[in-house]
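Here is a short report on how helices pack and how two chains meet. Look at the structure first, then read on.

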Amino acid sequence: MTSLRNWRAPALSMVVFLLMIGIWHALTLPKAAPPAADSEYAALVGAAAASGQKSAFPSPADVGAKIWQHLQEPFYDRGPNDKGIGIQLAFSIARVLTGYLLAALVAIPVGFLIGMSPTVYRALDPYIQVLKPISPLAWMPLALFTLKDSSISAIFVIFICSLWPMLINTAFGVASVRKEWLNVARTLEVGPLRTAFRVILPAAAPTIMTGMRISIGIAWLVIVAAEMLVGGTGIGYFVWNEWNNLSITNILTAILAIGLVGMLLDLLLARLTRLVTFPE
Amino acid sequence: MSEPLIRVEGIAKKFTGRDGTSTTVFENLYFGIEPGEFVCLIGHSGCGKTTILNVLSGLEQASSGYVFVGGREVSGPSLDRAVIFQSHALMPWLTVMGNISFAVSSRWPEWSDAKVREHAQKYIDLVNLTGSEKKRPAELSGGMKQRVGIARALSIQPKMLLMDEPFSALDALTRGVLQEEVLRICAETRQTVFMITHDVDEAILLADKIILMTNGPQAKIAEVVVNTMPRSRTRHDLHKHPHYYRIRNHLIDFLVDRSKLFAAVSAEFDPRHPPLVSPGLDPAEATVLDPSRPQGGGVTPLAAVR
């Protein structure tokens with residue numbers, strides 16, 4: 001009985017998937033042949049054009065074939081405008097991770113400081129409140145102008161957008177460490193550094209990790225837009241390039257790949273969060 | 001008369017409200033605790049019991065007055081005074097062993113890991129938690145958590161143990177078992193203990209001296225009750241001792257009636273030497289023992305009383 005119940009959700013998922021593919025397939029079916037295809041006209045424009053209009057939007061089978069083609073050779077490199085989708089994703093992931101880790105290196109120590117000191121918190125709060133809502137892409141021209149390198153600018157944009165959730169969550173996590181744990185450390189005459197690493201850090205770790213999880217999600221959202229602007233490499237550039245090629249199948253493939261990688265990044269962070277989470 | 005381990009001289013705690021009015025929670029507290037003595041503090045909520053304990057531990061500062069430990073003034077928390085918190089305050093991300101090792105390695109930072117673990121194990125065994133070393137606090141019952149708290153406090157071998165209603169969050173059965181354990185451990189280690197409670201029976205079972213606080217605000221020490229029952233008492237034969245009901249009635253009378261009325265009759269009351277009474281003795285001999293000791297916060301050594 002329970003095993004049956006366990007299969008219900010996956011079965012429903014499958015049904016939804018098939019339904020969506022079915023609708024998609026139905027909508028992209030070749031239209032019925034035009035009733036009066038003049039034979040001379042057909043001879044002029046070619047048989048294919050005359051005998052029914054193929055939809056401009058690719059059918060599921062087209063996309064499936066494209067995905068299969070990409071999977072067979074994900075890492076090919078035939079010049080700057082023709083690279084495998086795997087290479088493009090690798091470029092994007094590398095940029096995201098670089099910007100993200102740099103942001104963590106800044107946000108976690110600064111968040112610690114803000115969380116530990118109400119004075120620092122009040123002093124820096126106005127800046128955080130003003131800087132936080134700025135769209136990361138708004139920094140792009142400034143980054144391009146000052147850094148003079150499109151790839152570094154993309155990393156900078158990732159850095160700036162991952163910074164705030166990590167900073168705010170770290171500060172909040174550190175500030176809300178239970179007083180009694182700090183009191184235990186005080187009665188044991190534990191020094192400030194040891195308290196920070198042995199008491200505050202593990203106590204705030206779940207909150208910090210939640211911030212990091214939010215950040216990686218935002219960073220992955222932003223990288224696509226950033227790469228569309230800076231160009232050259234990356235999955236965002238790939239999407240834009242295929243738009244210029246009018247290859248909807250490639251765009252759909254890339255969209256699917258972006259979603260899957262985003263999910264994997266989130267899963268990874270969720271795993272890490274579970275590692276540091278403690279039951280109360 | 002020997003110098004007490006802890007001497008409290010005229011501590012007071014005042015809070016200033018938002019409208020600028022100042023409230024005195026307690027004031028003019030004088031008492032002392034001898035080495036090896038078990039002292040309980042009883043009073044209604046709001047008389048600042050926890051604040052007194054925090055002042056003794058150094059976690060909080062009194063608004064005025066001094067606390068001396070071994071002749072030196074308390075300026076902050078110290079490894080000499082271990083605290084057992086009401087909410088056990090275990091770190092949930094550490095195992096039982098981890099929690100106790102954290103305390104041990106804070107006390108002796110130069111010790112090797114093996115030595116720290118060996119020392120911690122000794123105290124895990126002492127509180128009968130052998131076999132639960134690798135469990136995390138979330139996997140333990142309330143009573144077991146508090147055992148870990150006790151082991152952690154004892155493991156640093158403090159001069160003094162401060163307990164803030166340690167058993168109040170436990171069910172009656174667990175509480176009884178843990179009280180006996182504390183009694184046994186204190187007898188074994190000759191630990192000096194200051195404990196806050198609102199459980200009269202707990203105080204009679206554990207304490208050598210029971211400090212009675214009047215109701216706040218402006219709470220004071222009304223009197224110090226000497227527990228005249230033999231120290232080798234257990235929960236089973238406690239109530240059979242002739243002193244038991246006299247002490248118990250005295251405490252309950254105080255908590256029910258006199259703690260409220262006390263403020264009115266305190267004209268001739270000397271806060272430096274609160275009366276030392278032993279209601280457990282025969283009514284004929286149950287006089288105020290010696291309210292005017294020359295120094296030491298009006299504390300008569302237990303040996304003299306027994």
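In which crossing, left-handed or right-handed, does H2(B) pass H4(B)? The crossing is right-handed, meaning that the near helix is turned clockwise from the far one by less than a right angle, while anticlockwise would be left-handed.

This is a predicted model, where local features need pLDDT of at least 70, side-chain atom pairs count only at pLDDT 80 or more, and totals for chains, interfaces and linings use all residues. Residues are numbered from 1 along each chain as written, chains are lettered from A in the order written, and side-chain values use heavy atoms, without hydrogens or water.

**Two helix pairs**

| Pair | Angle | Axis distance |
|---|---|---|
| H2(B), residues 96–107, and H4(B), residues 142–155 | about 25° | 8 Å |
| H11(A), residues 235–244, and H12(A), residues 248–276 | roughly 160° | within 9 Å |

H2(B) is therefore roughly parallel to H4(B) (angles under 35 degrees count as such, over 145 as roughly antiparallel). In H2(B), Ile100(B) and Val104(B) are among the residues that meet H4(B), where the partners include Val148(B) and Arg152(B). This contact of H2(B) with H4(B) has 6 nonpolar, 2 polar and 1 charged residues.

H11(A) is roughly antiparallel to H12(A). H11(A) passes H12(A) in a left-handed crossing. Phe238(A) and Trp243(A) of H11(A) are among the contact residues, as are Ile251(A) and Ala254(A) of H12(A). Contact means heavy atoms within 4.5 Å.

**Between the chains**

The area buried between chain B and chain A is about 1,900 Å² (accessible area, 1.4 Å probe, lost on being put together, summed over both). Carbon and sulfur atoms give 69% of it. The rule finds 0 salt bridges across this interface (a side-chain nitrogen of Lys or Arg within 4 Å of a carboxyl oxygen of Asp or Glu).

Definitions and conventions. Axes fitted to C-alpha atoms, helices over the stretch in contact; angles between N-to-C directions. Helix = DSSP H or I, 4+ residues; strand = E, 2+ residues; numbered from the N terminus. Parallel < 35°, antiparallel > 145°, perpendicular 65-115°, else oblique. Nonpolar A, V, L, I, M, F, W, Y, C, P; charged D, E, K, R; others polar. Buried area = accessible area lost by both parts, 1.4 Å probe.
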